[in-house]
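Work through the exercises below with the sequence and the model side by side, and try each task before reading its solution.

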Amino acid sequence: MTDRTVATDLALRPWSVDDLWLLERLMGDPATTVHLGGPETPEKIRRRNADYSVTGEAGSGAMFAIIVGPDGDVAGSVGYWPGEWLGETIWEIGWSVLPEFQGRGIATAATSLVVARASAEGLPRAIHAFPSVENTASNAICRKVGLTLRGECDFEYPRGSWMRCNDWAVDPDPPSAV
Ligand SMILES: CC(C)(COP(=O)(O)OP(=O)(O)OC[C@H]1O[C@@H](n2cnc3c(N)ncnc32)[C@H](O)[C@@H]1OP(=O)(O)O)[C@@H](O)C(=O)NCCC(=O)NCCS
């Protein structure tokens, strides 16, 4: 863990169809998907890229490319989307950073921004993340961005495949008094 300065120079850019190459690297590689059920097929990645690129209505979430440094390097992906958990509609958040950018605080900084964006939607939804219990870095990120560990759970990801995960969450802000 050396240069952590880049994390202070970080922005989120809405996902574009032209980011397919990024998704191919993040979701098509055995190393970056070791805690995500393994590499996805090229077809699945193309569909995921199309879904990420859609700017939906309020409540449908958003995906971003993580941009870092003075040259605007693309370092990874981060975002939030609606999910169902224990009978409630929640925001689920997720992140992924290219190997050459890891270890600089980028995922932590980007996830912090996404938690703020999901909260700013003003919907009465808790924000959850479900990293594998074995994903040391992602569990550290959850703790550092202020999520609370609710406990272990069995989580389906990808569809049809179950993983032992930690449930990290933060409750929505209470409605402001008028
Ligand atoms: C998980 C991942 C996003 C971390 O990205 P990153 O930018 O390197 O993370 P950060 O630099 O913000 O580090 C976050 C914390 O994890 C720790 N960490 C980073 N890489 C680690 C590793 N390989 N092993 C153990 N801890 C690690 C860091 O030390 C830091 O904790 P600290 O501040 O207490 O020291 C990245 O490894 C990745 O993309 N992995 C593959 C995809 C994935 O698993 N996504 C998450 C699904 S829930």
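**Exercise 1. Find which atoms of Gln102, Val97 and Asn135 face oxygen atoms of the ligand, and at what distances.**

Begin with Gln102, where a polar side-chain atom lies 3.5 Å from an oxygen atom of the ligand; a polar contact is here a pair of N or O atoms within 3.5 Å, and within protein one atom must be able to donate a hydrogen and the other to accept it, while residues adjacent in sequence count only if both atoms are side-chain atoms. Next take Asn135, whose side chain places an N or O atom 3.0 Å from an oxygen atom of the ligand. At Val97 the backbone is involved, with an N or O atom 2.7 Å from a ligand oxygen. As a last step, consider the cover: the ligand taken alone exposes 930 Å², of which the protein buries 76% (accessible areas by the Shrake-Rupley method with a 1.4 Å probe; for residues, only the protein chains shown count as cover).

The model is predicted, so local features need pLDDT of at least 70 and side-chain atom pairs count only at pLDDT 80 or more, whereas totals for chains, interfaces and linings use all residues. Residues are numbered from 1 along each chain as its sequence is written, and side-chain values use heavy atoms, with hydrogens and water left out.

**Exercise 2. Describe the shell around the ligand by residue class and by element.**

The ligand has 22 residues around it, and those that come nearest are Val97, Gly103, Gly105, Thr108 and Lys144 (a residue is near if one of its heavy atoms lies within 4 Å). By class, the shell divides into 10 nonpolar, 9 polar and 3 charged residues, where Ala, Val, Leu, Ile, Met, Phe, Trp, Tyr, Cys and Pro count as nonpolar, Asp, Glu, Lys and Arg as charged, and the others, Gly among them, as polar. By element, strand E4 (88–97), helix H3 (106–120) and helix H4 (136–144) each supply at least two residues, and the largest share, 6 residues, comes from H4. Helices (H or I, at least four residues) and strands (E, at least two) are DSSP runs numbered from the N terminus.

**Exercise 3. Place Ser53 in its surroundings: which element holds Ser53, and is Ser53 buried or exposed?**

Ser53 lies in helix H2, which covers residues 42–53. Its relative accessibility is 18%, so Ser53 counts as buried (buried means under 20% relative accessible area, exposed over 50%, partly exposed in between, with a 1.4 Å probe and protein chains only). The side chain of Ser53 reaches the backbone oxygen of Asn49 at 2.6 Å. Once neighbours within four places in sequence are left aside, Ser53 is in contact with Trp15, Ser16 and Val17, contact meaning heavy atoms within 4.5 Å.

**Exercise 4. Examine the backbone at Leu86 and at the bond from Tyr157 to Pro158.**

Start from the general expectation: most residues other than glycine have a negative phi, and most peptide bonds are trans. Leu86, although not a glycine, has a positive phi of about 50°; its place is in the loop between strand E3 (73–85) and E4, and with a relative accessible area of 71% Leu86 is exposed. The peptide bond from Tyr157 to Pro158 is cis, with omega near -15°, and Pro158 sits in the loop between strand E6 (148–156) and strand E7 (162–170).
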